[in-house]
Amino acid sequence: MPAPSIPSQPFASHTRSAPPVRALPPSRAPLLFSSSSSSASSSASSSSSSSSSSTAAASSSSSTGQRTMRLPAPPLMRKPTPSLGNVRDDSFFESNWERLRPALELLLSNGLSRPIDHDTWHSMYSVVYALCIRSSTVASKLYLHVSSLLKQHTRTCRQRISTSEFQDSILSTYCSMFVTFQQASQLLFLVLEYLHRYWIPRQKKKDIRSLAIEYWRKETYLPLRSKIIYCWLEEVDHHRRGEKTDRSLLSLFVDSFVYGSTPERPQTLWFYRTELEEPLLKHTKDFYLYEANVYLADNTVSEYLRKVEKILAFEHRFCEVALHSSTSSELLRVCRDVLLRKHMGTLLTEVRAMMRDNRWDDLLILHKLLKPLPERNVQYAEAVRSWLVFAGAGLIRDCSLVLSEQGRIKDVMALVHTLLALDKKMSEIVSRSFEDDNIFEVKVNEAFTEIVNMNIGSYRMSELMAMFCDLILRGKEKMSEDVAQDTLERVVHLLMYMTDKDVFHENYRQMLAKRLLQQRSEELLERFMIGCIKMSCGPEFTSKLQHMYTDKVLSADLTKEFKEYVRQGRIQSPVSMNINLLNSLSWPFQAGGDEDFVFPEELVALQHQFEHFYHSSDARNAHKAIRWLPSEGTASVMARFNRVVELTMTTKQACILLAFNERPEWSVRQLAARLGTTEHDVTMSLRPLLFSATRIFQRAKRTSPGGAARGGRAGNGGDMDDAEWAAVA
């Protein structure tokens, strides 16, 4: 069979007609080509006696507008006839290469800008096929000549780029020529498909695409590297300053470096990273280092933070539009290092002013900027903690001075109000400005732990907190119920920071006992407070408080039963007694001090009646001992002087007054012996009565060793232990 026919004309004609082509199976079709010709269909048939190749019909589907056709590959050829055996391989290669080279040069120059007609494409493929099956030597020459052609073409491209005078024209020419070269290398790969299929794998040579990119890097890019990179970085600077730039040109330039990495090591993008990304990162660092120093010197920290926020958003969008996606993290890291890490001292110094002036938006912006920098975010949280401790210590120091100068504990209650307001403020800042960041929550908790465990003069914070709660629950602090509940809830929140919660618990329990016995508490608020403490500290912490409330409720029922018992027994008594039966394990009353107290006869009879009633009412109460607490009870006494006066006092004070029914004058020592208590206890009980608004006692002056005379009202001086006192008639 004769050798395949070679077209006599050069492969330079690019027509839009659709001449007859040789048909191949679709699987051999190398590429889709686009043509702008209108819809048409063609078919051809031939019967050839002189040509070794048979003809086949080819047709294209009709459509309006652009026509896309898959160009067929040449048919499989048989082995050349022995008549070619006399032709030398060199002569065979040279004759075919002279016809193939012009077509390849035209392909490298045009890329996809001009479509290739089917006949030309088929002829190129056929020549390559004939050369490849001729011999391995001929295939090797084909590979070397194509390599030389690529090398020569890349040098020509370099010369054309270097002749550009302006910065934008250099980039534009470079990008335009690279796109054409990229397309041409793809087409060249398809033209030499048979060479890639057999000879290149066997010889372990680089494929044509990798070879083309290598020549582009060595012959076109590297000699112009500094000039090209400088022009591109200048365009980037113009873009950063808001000047008009061609974004598509920047993106296209980046794509050339990405494609320059992929044929050999597609996962590393080594060419893109070493030649473009590294210079960009260094240039970005220098650019923003200067910009940051200038802007921070001329503007406030608040304005600088907003500027940095805009810069980071701009660079993120720039990465999405013009750079490879893998560059985003590194570029933003460099920006944060220059714009934030370099100026952390200035930024952290401004944190105190932000906290003091309630600049919540600035705090939020700074937190968002530092959040990707964990170690700097911790420094930010530490600065917040430092300011909080400083502010709290200043408040406590001022209150300690007030307490030492005036000695009025009520004035210190303003400190608790201020601390509660500070706690509320910090809760809002952590939620709004720090986005509930766990680092800031921990630092704020550490700060309040340090603050609430400071002493205010001789008082502990836990004692002041208990006093503050007592004022609210007694109704001394004028506030609505909702405000009172919110305030108590804040107090319990501060309680969580205290290391001496037991001190607060003991003080609160003693004050609760007085409120319950004196009936000066708001039941709803009392239960709300106990519930809050239970939720924060656990049920064990509030078990005694709840039992105290239970005892008070049960005592009211017990009093009703006892009064009914007295009525049915027809027991006559000038005293009406209400009983509060308290469990000694829950109530904060210490044993001792009142066991030997001698009650007046008016009360003794009722005490015996109640003990009999209590022990006989339930078998479980038979062995329970009852201890009377005159210091903790209250009494309403009708005193008849010049007029009838109703006095409210403790039970022990009432017993002292009843002693004056026996005799009009008593000394402190005599009253102590009469009541079975100490002189100090009598003195402390008498003191409120001596200086009350109602005149009850007057001092009796001795005129002889055995007698006494009535004098004026007692003053503040004198030794009460040696004085005698008489009731004012």
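Does Glu 382, at 30% relative accessibility, count as buried, partly exposed or exposed? In this predicted model, Glu 382 counts as partly exposed, because its relative accessibility is 30% and the partly exposed class lies between under 20% for buried and over 50% for exposed. The side chain of Glu 382 takes part in a salt bridge with Lys 443, in which the closest N and O atoms are 3.0 Å apart. Glu 382 belongs to helix 14 (residues 374–406) and Lys 443 to helix 16 (residues 438–452), so this pair ties together parts of the chain that are 61 residues apart in sequence. Lys 443, for its part, counts as buried, because its relative accessibility is 17%.

The salt bridge just described belongs to a structure that holds 37 salt bridges. Side chains of opposite charge can pair when their charged atoms come close. Another of these pairs is formed by Glu 315 and Arg 240, whose side chains meet with an N to O distance of 2.9 Å. This pair also links distant parts of the chain, with Glu 315 in helix 10 (residues 301–322) and Arg 240 in helix 7 (residues 225–240), 75 residues apart. Glu 315 counts as buried because its relative accessibility is 0%, and Arg 240 likewise counts as buried, at 12%. Arg 240 has a further partner in an aromatic ring, since it lies over the face of Phe 287, at 5.7 Å from the ring centre. An arginine is placed over a ring elsewhere as well: the charged end of Arg 352 sits over the ring of Phe 390, 4.9 Å from its centre.

A third salt bridge joins Glu 679 and Arg 669, with the closest N and O atoms 3.4 Å apart. Glu 679 lies in helix 25 (residues 679–690) and Arg 669 in helix 24 (residues 668–675), so the pair ties together parts that are ten residues apart in sequence. Glu 679 is partly exposed, with a relative accessible area of 27%, and Arg 669 is partly exposed at 47%. Salt bridges that share partners also build a network, which joins Glu 330, Arg 333, Asp 337, Arg 341, Glu 375 and Arg 376. Helix 25, the helix of Glu 679, is also the place of Met 684, which counts as partly exposed because its relative accessibility is 44%. The C-alpha atom of Met 684 is separated by 9.7 Å from that of Gln 653, a residue 31 places away along the chain.

From charged groups the account passes to the aromatic side chains, which form 30 aromatic pairs in the structure. In one of them the ring centres of Phe 562 and Phe 610 are 5.3 Å apart and the ring planes stand at 80°, so the pair is edge-to-face. Phe 562 is in helix 21 (residues 539–568) and Phe 610 in helix 22 (residues 601–617), so that this pair, too, links distant parts of the chain, 48 residues apart. Both Phe 562 and Phe 610 are buried. Helix 21 also contains Thr 559, which is buried, with a relative accessible area of 7%. Leaving aside neighbours within four places in sequence, Thr 559 is in contact with Met 577, Asn 578 and Ile 579. Elsewhere, ring pairs link a cluster whose members include Tyr 174, Phe 178, Trp 216, Trp 232, Phe 253 and Trp 270.

In soluble globular proteins, nonpolar side chains tend to be buried together. Here the largest nonpolar core has 92 residues, of which Tyr 380, Leu 388, Met 426, Met 461, Phe 504, Tyr 508 and Met 529 touch the most other members. Helix 14 supplies the largest share of this core, eleven residues. Met 426, leaving aside its neighbours within four places in sequence, is in contact with Met 355, Val 384, Trp 387, Leu 388, Val 444 and Phe 448. A second, separate core of 78 residues includes Trp 97, Leu 142, Ile 228 and Phe 253, and Phe 253 is also a member of the ring cluster.

The cysteines close the picture, for the structure holds zero disulfides. Cys 132 counts as buried because its relative accessibility is 13%, and Cys 157 is buried with a relative accessible area of 1%.

Methods
Residues numbered from 1 in each chain as written. Predicted model: local features only at pLDDT ≥ 70, side-chain atom pairs only at ≥ 80, totals over all residues. Heavy atoms only, no water. Salt bridge = Lys/Arg side-chain N within 4 Å of Asp/Glu carboxyl O. Helix = DSSP H or I, 4+ residues; strand = E, 2+ residues; numbered from the N terminus. Buried < 20%, exposed > 50% of the residue type's maximum accessible area, 1.4 Å probe, protein only. Phe/Tyr/Trp six-rings, centres within 6.5 Å; stacked < 30°, edge-to-face > 60°. Lys NZ or Arg CZ within 6 Å of the ring centre and 35° of its normal. Disulfide = S-S within 2.5 Å. Core = buried A, V, L, I, M, F, W, Y, C linked by side-chain atoms within 4.5 Å. Contact = heavy atoms within 4.5 Å.
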